[in-house]
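Hi,

Here is the structure I promised to pass on. Have a look at it first, and my notes follow underneath.

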Amino acid sequence: QVQLVESGGGVVQAGNSLRLSCVASGRTLNNFVMAWFRQAPGKEREFVGLSSWSGGVTRYADSATGRFTISRDNAKNTVFLQMNNLTPEDTAVYYCAAGIGSERTIGYEYWGQGTQVTVFS
């Protein structure tokens, strides 16, 4: 089993930044891809970005490219999502996930509980 716990969400004004954290525990994560998804009210959960745990390969959704960055601290089993220049359209619950890697939710076996991000104009 893998347990994922997100933190760092909050309420910010448009144009500002937030950094989300996801602490992982349980099985070794060396073979897992770590990803961030988000879900806004009334919408499906959507891909934000992913990073291979040990290879440093990253990929982002078009909406995140240039504004969001995924990084990790392997020693602390932690993955970060740095979000800059936030807009109200980024308002959502953000989820951390671990799995085989995909831009679809089906590619992830383990999920955190989510952290709320609210951006006001």
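How much accessible surface does the chain have, and what share of it belongs to carbon and sulfur atoms? It comes to about 6200 Å², with 47% belonging to carbon and sulfur (Shrake-Rupley method, 1.4 Å probe; for residues, only the protein chains shown count as cover).

Some housekeeping before the rest. This is a predicted model, so local features need pLDDT of at least 70 and side-chain atom pairs count only at pLDDT 80 or more, while totals for chains, interfaces and linings use all residues. Residues are numbered from 1 along each chain as its sequence is written, and side-chain values use heavy atoms, with hydrogens and water left out.

**Overall picture**

The chain has 11 strands and zero helices (DSSP runs numbered from the N terminus: E of at least two residues for strands, H or I of at least four for helices). Along the principal axes, its C-alpha atoms fill a box of roughly 40 × 30 × 25 Å. The radius of gyration is 13 Å, which agrees with the value near 14 Å for a compact globule of 121 residues (taken over C-alpha atoms; the rule is 2.2 Å times the number of residues to the power 0.38).

Of the 121 residues, 44% count as buried (under 20% relative accessible area; over 50% is exposed, and in between is partly exposed; 1.4 Å probe, protein chains only). Take the contacts between residues at least 6 apart in sequence: 55% of them join residues at least 24 apart (contact means heavy atoms within 4.5 Å).

On charges, there are 10 positive and 9 negative, and their mean positions are 5 Å apart. Lys and Arg count as positive, Asp and Glu as negative, with His and the chain ends not counted; each charge is placed at NZ of Lys, CZ of Arg, CG of Asp or CD of Glu.

**The disulfide**

Searching the whole structure turns up one disulfide (a pair of cysteine sulfur atoms within 2.5 Å). The partners are Cys 22 and Cys 96, with their sulfurs 2.0 Å apart. Cys 22 sits in strand β3 (residues 18-26) and Cys 96 in strand β9 (residues 92-99), so the link ties together parts 74 residues apart in sequence. The link is left-handed, at -75° about the S-S bond, and both cysteines are buried.

Leu 4, in strand β1 (residues 2-7), touches both of them: Cys 22 and Cys 96 are among its contacts beyond four places in sequence, as are Met 34 and Trp 111. Leu 4 is buried at 6% relative accessibility. Its C-alpha is 6.2 Å from that of Trp 111, although the two are 107 residues apart along the chain.

**Two buried serines**

Ser 21, also found in strand β3, is buried at 15% relative accessible area. Its contacts outside the four-place window include Val 5, Trp 36 and Phe 80. Ser 52 is in strand β5 (residues 46-52) and is buried too, at 16%. Not counting residues up to four places away, Ser 52 touches Phe 32, Val 33, Val 57 and Arg 72.

**Backbone oddities**

Which residues other than glycine have a positive phi? Asn 77 does, near 50°, and so does Asn 85, at about 50°. Asn 77 lies in the loop between β7 (68-73) and β8 (78-83) and is partly exposed, at 28%. Asn 85 is in the loop between β8 and β9, partly exposed at 45%.

Cheers
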